[in-house]
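Let's walk through a protein structure together, one piece at a time. Keep the 3D view open and turn it as you read.

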Amino acid sequence: MTLRWGVLAPGKIARAFADDLALLPDMEIAAAGSRSLVNATAFTQQYGGRAYGSYAELVADPDVDVVYVASPHSLHDEHSRLALDAGKPVLCEKPLALDADTAAALCAYARERGLFLMEAMWTACHPLIRVLLAGLAEGRFGTPRQVVADLGFVVEAAPDSRMLDPALGAGALLDMGIYPITLAHLVLGPPEEQRAVADVVGGVDFDVAVSARHGGGALSMSAASMTANSPRTATIATDTGLLDLGANFHHPQQVTWSPFDGRDKDAAGTVPVEELVPLEPVIGRGYGNEALEVARCLDAGLLESGLVPHEQTVSIMRQLDGIRAQIGLQYGRPL
C-alpha cells in the first residue's frame, strides 16, 4: 500500500523532506496546503498531488493518509491538532511545541484520539545513529563518559524572518541547539544538572552553550550558533575509546570508532579506526528514514515511535525550557 502524505506549510524544510520521500517507492505526496494557493501549487507542480489554499482543506482531503506539519515552531501545536481533529496521523517538525507542557498536552491529545503522533527528529531515525546507540547499549564501545557536540551556521535572515521573531520561536536554541541536546540525551539520558550561557539580543538567542551532568557523572557540552560556521561535529568519549560522528553530526555520513585500550593494535602498533556500518541504507539526506519509521509505526498500529517516543520528546523539550529560563529567553509567552 502506498502511504499518501499531506504536506502542511510547503516551505524549505518540506521540500527537503519531499526530495527524500521521492526516493521511496511506496510513498507519495497526495496534497499540499498553504495559506497561499500559489505556494501550494508551486510545490505540487514539483512533487505531485493536489494544491490547497488553506490548511483546513488539506487535512480534510480523504486521500491524505498522514500529515507532515512543517509550519513555524509556534504553530506546530495548532496545526498538529488541526490534523488530529481531522482524524489524520501526524509527523510534526521539531520542536513539537514551544514548551514541554504544550508538547505533553499534544501527545496526550493524540493518544486520546487514538492517532499516531511523532516529532520529526530525523537524527534519532538515522541508521548510523541507531547502530551507534545499539552498540553503546550492548557495551561494545565501553561506557560513554562525555558527549561534545555543536551546530552553527551564519544565518543571514531578513528582518521579518521567523528566525528573528521571538513570537515564532526564533533563535539558535530551537533550530540548532535541539540537535546536540538530543544527541546528549540519546547517549547519556536526561541531565541531572544543566548550566547555560547565551548571547541574547532583542529577544533572540544568537549563540548558546550548555554544559550538563548526566547519570553516573557523565558530562555533555553542547553549543549552537546563528553567527558562526562552527565545525558542526560531535564526539562521544567512552572509557575505552572515541566515537567520532564527523561533520553534520545530526545526519552523519560516517561514524568511526577508535579504541584506546590497545587490544586491536596492528603490526605497526597503531589502532585501526573502524567505520560503523548501518543496518539499513541512509535514504537521501536521512529524511527518508524518518518517513520509513512513520510507515512502520502506522503499519503496526502504533500511536508513537520507539525511536522518537513521546516521553523522550517531552523530556528534551523540558531541558530546553530549563535552558531558556537560565538565559532569560521567552517565545510566544512567558515560562
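A good place to begin is a sheet of six strands, which is open and runs in the order β3-β2-β1-β4-β5-β6, with parallel pairing. Please bear in mind that what you see is a predicted model. In general, strands of a sheet pair through backbone hydrogen bonds, either parallel or antiparallel. The edges here are formed by β3 (50–52) and β6 (117–120), each of which pairs on one side only. If you ignore direction, neighbouring strands of this sheet are turned by 25 degrees against each other on average. Helix α2 (residues 37–47) packs on the sheet, where it touches β1 (3–8), β2 (27–33) and β3. The direction of α2 makes about 165 degrees with that of β3.

Now zoom in on one pair of neighbours. Strand β4 (residues 66–69) runs parallel to strand β5 (residues 90–93), and three bridges join them. For V69, the bridge partner in β5 is C92. Following the chain onward brings you to the loop between β5 and α5, where P95 is found. The peptide bond from K94 to P95 is cis, and its omega is near -15 degrees.

Another loop worth a look is the one between β1 and α1, which holds A9. The phi of A9 is near 75 degrees, a positive value in a residue other than glycine. Is A9 buried or exposed? Its relative accessible area is 11%, so A9 counts as buried, a word used for values under 20%.

Next come some helices. In helix α4 (residues 76–85), the buried residues are H76, D77, H79, S80, A83 and L84. An α-helix has 3.6 residues a turn, so residues three or four places apart point the same way. With that in mind, try finding the buried residues of α4 in the 3D view. Their cover includes β1, α3, β4, β5 and α5 (100–112). Just after α4 comes G87, with a positive phi of about 80 degrees.

One of the elements in that cover, helix α3, spans residues 55–60 and contains A56. A56 has 45% relative accessibility and therefore counts as partly exposed. Between A56 and P89 there are 15 Å in space, C-alpha to C-alpha, and the two are 33 residues apart in sequence. Compare the setting of T313, which is found in helix α10 (residues 310–327). T313 counts as buried because its relative accessibility is 5%. Leaving aside residues up to four places away in sequence, T313 touches L96, E119 and V308.

Let's move on to other strands. Strand β7 (residues 144–152) pairs with strand β10 (residues 219–225) in the parallel sense, over seven bridges. Within this pairing, Q146 has L219 of β10 as its bridge partner. Strand β9 (residues 204–213) also pairs with β10 over seven bridges, but in the antiparallel sense. There, V208 stands opposite A224 in β10. β9 and β10 form a hairpin with five residues between them, and G216 in the turn has a positive phi of about 75 degrees.

A second hairpin is made by β11 and β12, with two residues between them. Strand β11 (residues 234–238) runs antiparallel to β12, and three bridges join the two. I236 has L243 as its bridge partner in β12. On another pairing, β12 meets strand β13 (residues 256–259) in the antiparallel sense over four bridges, and here G241 is partnered by P259 of β13.

Which way do the side chains of β12 point? In a regular strand the side chains alternate between the two faces of the sheet. Along β12 (residues 241–244), G241 and L243 point to one face and are buried, while L242 and D244 point to the other and are not. The loop between β12 and β13 contains N248, whose phi is near 55 degrees, again a positive value in a residue other than glycine. N248 has 26% relative accessibility, so it counts as partly exposed.

Finally, look for empty space. The largest pocket holds about 1100 Å³. It is lined by 36 residues, and those closest to its centre are K12, I13, R162, M163 and D175. Two elements give two or more residues to this lining: α1 (12–21) and α8 (172–188). What kinds of residue line the largest pocket? The lining divides into 18 nonpolar, eleven polar and seven charged residues.

Note on methods
Residues numbered from 1 in each chain as written. Predicted model: local features only at pLDDT ≥ 70, side-chain atom pairs only at ≥ 80, totals over all residues. Heavy atoms only, no water. 1 Å grid on protein atoms, 1.4 Å probe; cavity = no way out; pocket = protein on both sides within 12 Å on 5 of 7 lines; lining within 4 Å. Points joined across faces, edges and corners; volume = space filled by probe spheres on them. Nonpolar A, V, L, I, M, F, W, Y, C, P; charged D, E, K, R; others polar. Buried < 20%, exposed > 50% of the residue type's maximum accessible area, 1.4 Å probe, protein only. Pairing = 2+ DSSP bridges. Axes fitted to C-alpha atoms, helices over the stretch in contact; angles between N-to-C directions. Contact = heavy atoms within 4.5 Å.
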